[in-house]
Amino acid sequence: MVWAPEAADTPLRVLRRLETGPRGLVTADAEARLLDHGENVVPSRLPPTLPRRLLRSVRDPFTLVLLGLGLVSALIASWATAGVIVLLVAVSCLLRSNGEHRADRSTAALRRLVATTTTVRRRATKDAEPEEREIPADQLVPGDVIKLGPGDLVPADARLLRANGLTVHQAQLTGESAPVAKRALDLPDGDEHLLWQGSSVASGSALAVVTATGAATRFAGAYAGPPPGARSGSRLSRRRGARRTSAFDRSVYGLSWVLVRGMLVIPPVALVANAVLRGKGLEALPFAVAVAVGLTPEMLPVVVTTVLARGSALLARRGVIVKRLSALPDMGAIDVLCMDKTGTLTRDRPVLSGSVGPGGRPDPEPLRWAAVNGLVTLHLADPPAPDPLDEAILAGAPELGEVEGLDAVPFDPLTRVSRALVRDGEDVVVVVKGAVEAVLERCAIGERERRRANATAAALARSGARVLAVARGAASVPGLDAVARGAASVPGLDAGARGGASQVGLDAVARWGASPPVGLDEAGERGLTLVGFVTLADEPSPDAAAALAVLARRGVKVKILTGDHPGTAARICRELGLEAGEVADAAGLTAAGAERATVIARCTPEQKARVVRALRAAGHTVGFLGDGVNDLPAMRAADVGICPRAAVDVTREAADVVLAGKDLSAIGQAVVVGRRSSGNIVTYLRIALSSNLGNVIAMLVAGLALPFLPMLPVQVLAQNLCFDAAQLALAFERPGPAVLRRPFRLRRQAVLRFITGFGLVNAGVDLVTFAVLTRVHGTHDESAFHTGWLVENVLTQAAIMLLLRPVARVSRPLGLATGALAAAGLLLPISPLAPALGLVALPVTSLLWLLLVLVLYAGVLLALTTRTRRKP
């Protein structure tokens with residue numbers, strides 16, 4: 001049964017054609033439909049095969065340049081050079097492809113741990129009462145009845161049966177940036193009554209029946225082209241998964257292209273220099289190609305992938321899921337962490353603490369009407385999860401009296417109020433509850449009374465309470481009897497459903513499921529009477545103080561972005577030992593004020609995002625921790641979006657890092673692992689490029705000073721291959737304490753300065769080695785000279801791997817790798833490969849001289865690194 005609803009279809013027709021009812025499917029029927037339709041998964045590309053991964057690896061800039069140099073070598077019949085270059089490329093691509101495969105497999109497994117679930121209504125048998133349960137979204141089938149609330153992702157195409165204040169984001173499908181209002185119209189004229197997979201609920205709640213899943217959804221069809229009526233540029237394939245390049249990615253790409261430009265410049269410079277000074281032309285081309293290859297960090301993509309995959313696996317064992325690998329080094333670079341206080345610094349469950357009138361005197365009426373608002377919202381809006389504030393109010397509320405709920409609009413983060421329409425005896429009353437400023441805007445009070453009410457609310461907030469204002473007013477609602485009749489028809493609905501979904505029962509479903517002929521109108525909610533204020537207390541989280549102290553020691557500054565009153569947030573900060581500093585109001589906040597303030601209060605979702613963007617523009621790396629739909633804009637604006645696993649679906653989908661719970665200590669662990677990962681990558685870059693740059697400079701100088709090439713092209717490439725293989729051990733290093741003390745960023749200029757300085761030192765040592773070899777062997781024994789320099793190069797590379805790291809401790813993988821590299825340098829001249837490489841056995845005297853140079857070089861490195869080891 002694959003069926004798409006027509007625009008004019010009523011709920012009755014939809015339910016009939018899907019062979020379902022408002023009480024949901026029988027579990028056995030749902031299982032049978034799942035076999036027929038398959039899982040509710042959007043068809044996507046299969047995991048890339050090994051050949052496809054290899055082809056993707058070739059697109060790396062270093063690989064492309066190496067292949068170009070290999071092609072040049074083949075054209076001039078330098079087959080040995082071309083063969084070794086191809087071997088280098090093959091090894092790099094194979095290692096990278098294998099690493100990406102393992103990383104993708106691990107990431108996919110981790111994503112399944114935070115898979116989206118949906119509240120669905122199903123029955124054990126045909127006559128049983130329906131039960132609401134959470135099931136994975138991929139288990140939905142056409143005919144399922146689902147409940148949706150703020151922050152939920154719409155898991156499949158659906159037709160609304162009931163909607164309360166519902167707005168959805170559907171920009172991925174239609175290009176509309178603002179939330180779109182949806183209504184459960186009985187006789188629709190457009191698509192207001194339809195929900196599309198891939199959209200998300202911005203506000204309100206809904207009951208809907210699934211009409212299409214998997215490949216049959218509009219979301220899946222968007223892969224092939226823009227959906228009907230979509231705006232230009234809204235094609236899903238351009239939007240899905242799109243995210244700006246991270247700071248880490250930009251640094252790596254920038255450094256890579258600096259090196260690529262150097263690789264492209266070296267061959268022409270070497271050729272011209274040899275032609276002018278030595279009278280050699282194309283015969284020096286193989287050497288020039290080999291020198292360019294010598295500058296290349298072929299293992300950079302492999303090391304980066306390995307380091308990040310290891311870091312994400314380590315965090316997964318601690319309950320932290322990294323959904324985007326490049327977010328790991330960005331976590332290590334965070335120097336500002338923004339968060340809301342609710343559920344992170346405080347517990348999820350607030351406690352009712354008081355109810356006062358507009359003048360501040362204790363009064364039970366505000367609590368009674370706040371409870372009426374919460375109860376009606378809970379029953380009529382029927383959200384998938386109750387609002388914690390409403391639960392706290394209802395737990396302490398007095399007797400509500402004879403009150404009948406007629407309509408309700410749940411809390412909207414944009415309007416910052418929830419609204420209920422009730423019948424109180426003979427009167428119809430609108431009850432509004434929410435943020436003080438938003439409620440007072442709807443009240444008809446004089447300036448004096450307004451100032452008095454604001455002063456009362458401010459005094460309550462300064463005492464540390466969370467303050468909600470409550471207002472009510474008479475409602476003049478034409479057609480109210482129709483609403484009452486619609487509400488009264490609900491019992492008939494159930495009877496009809498139990499009778500096998502008779503015509504009468506289905507008609508009742510259609511009438512009740514559609515939006516009532518009258519209801520709440522925000523424009524008409526003016527002139528209300530302020531009833532008073534309800535106060536709630538937030539209890540600090542027991543682990544928050546210790547976690548904040550750890551983050552402070554790590555150099556991470558915490559900023560609180562909250563919709564609460566400044567006094568409420570400041571009190572929580574003081575209780576947790578967090579210096580509140582300057583407390584700012586989000587309205588009119590400047591970029592400089594955002595940097596200075598620790599607490600920014602009365603924030604709307606967009607204001608949170610503006611604060612994050614201002615901090616990033618000031619040069620900070622910003623993380624944002626949130627769990628609600630109101631945190632989504634700020635999370636997308638941050639360098640790293642963080643959320644707990646219990647966050648709403650749309651927030652969890654947008655996050656880069658998902659925590660097992662609302663535990664700030666887990667963020668500290670992720671920061672440490674991120675810094676370790678960045679430290680290992682920077683260590684690799686420093687070691688590889690310092691050595692390569694020094695060798696390149698020395699070879700270019702010696703190539704002009706000596707009557708022969710200082711090293712044959714095949715020898716340069718063989719040495720490079722050994723060094724690259726050993727450097728893979730750097731992915732398993734543990735950087736020292738200095739790396740973990742403060743935010744760590746891969747700074748391109750700092751890396752370039754480091755490799756330039758140590759590269760010149762390395763080049764000087766190579767030139768000393770040339771002088772020693774010339775003195776011992778003269779300029780007539782080319783093979784001995786080549787062998788001596790290759791041995792010395794490999795040994796100094798092993799020394800660099802040990803001494804240019806930020807810590808003195810040597811790990812087991814690194815010890816084994818450097819030992820193998822040194823052994824390869826000493827054994828190659830006497831191995832069966834020696835003739836092919838043009839190497840000869842060296843006399844003991846030569847080896848002793850080379851050992852002396854190595855010891856002097858190690859002493860110079862120790863002297864230089866002693867001063868820099870404490871700096872990341």
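This briefing walks through the fold, one sheet, the cysteines and some salt bridges of the structure above. The model is predicted, and its chain holds 33 helices and 22 strands. Of the 872 residues in the chain, 55% are buried. Long-range contacts are well represented: among contacts between residues at least 6 apart in sequence, 75% join residues at least 24 apart.

**Surface and interior**

- About 35,900 Å² of the chain is exposed, and 58% of that area comes from carbon and sulfur atoms.
- Helix α10, which spans residues 285-294, is a good place to look inside: 10 of its 10 residues are buried, so the helix is largely enclosed by the rest of the structure.
- The buried residues of α10 include L285, P286 and F287 at one end of the list and V293 and G294 at the other.

**The six-stranded sheet**

- An open sheet of 6 strands runs in the order β11-β16-β15-β14-β13-β12, with antiparallel pairing.
- The edges belong to β11 (351-356) and β12 (403-412); each has a single partner strand, so one side of each is left without a neighbour in the sheet.
- From one strand to the next, the twist averages 20 degrees.
- Within this sheet, β13 (residues 417-424) and β14 (residues 427-434) run antiparallel and are joined by 8 bridges.
- One of the bridge pairs is D424 with D427, the latter in β14.

**Helices on the sheet**

- Helix α13 (residues 365-381) packs on the sheet and touches β11, β12, β13, β14, β15 (466-474) and β16 (529-537).
- The direction of α13 makes about 85 degrees with that of β12.
- Helix α16 (residues 447-462) lies across β11, β15 and β16.
- Relative to β16, helix α16 runs at about 5 degrees.

**Cysteines**

- If you are looking for disulfides, a search of the whole structure finds 0.
- C603 is in no disulfide, and the nearest cysteine sulfur, that of C338, is 9.4 Å away.
- C603 has 6% relative accessibility and therefore counts as buried.
- C443 also counts as buried, because its relative accessibility is 7%, under the 20% cut-off.

**Salt bridges**

- The count of salt bridges comes to 15.
- K147 and E132 meet through their side chains in one of them, at 3.1 Å from N to O.
- This pair links distant parts of the chain: K147 sits in strand β4 (residues 145-148) and E132 in strand β3 (residues 131-136), 15 residues apart.
- K147 counts as buried at 4% relative accessibility, whereas E132 counts as partly exposed at 43%.
- Salt bridges that share partners join R121, E132 and K147 into one network.
- Another salt bridge connects E192 with R183, whose closest N and O atoms are 3.4 Å apart.
- E192 is partly exposed, with a relative accessible area of 30%, and R183 is partly exposed as well, at 40%.
- R805 and E733 form a salt bridge with an N to O distance of 2.6 Å.
- The R805 and E733 pair also links distant parts of the chain, 72 residues apart: R805 lies in the loop between α30 (782-803) and α31 (812-827), and E733 in the loop between α27 (713-727) and α28 (737-741).
- Both R805 and E733 are buried.

Technical notes
Residues numbered from 1 in each chain as written. Predicted model: local features only at pLDDT ≥ 70, side-chain atom pairs only at ≥ 80, totals over all residues. Heavy atoms only, no water. Helix = DSSP H or I, 4+ residues; strand = E, 2+ residues; numbered from the N terminus. Buried < 20%, exposed > 50% of the residue type's maximum accessible area, 1.4 Å probe, protein only. Contact = heavy atoms within 4.5 Å. Areas by Shrake-Rupley, 256 points an atom, 1.4 Å probe, with all protein chains shown as cover. Pairing = 2+ DSSP bridges. Axes fitted to C-alpha atoms, helices over the stretch in contact; angles between N-to-C directions. Disulfide = S-S within 2.5 Å. Salt bridge = Lys/Arg side-chain N within 4 Å of Asp/Glu carboxyl O.
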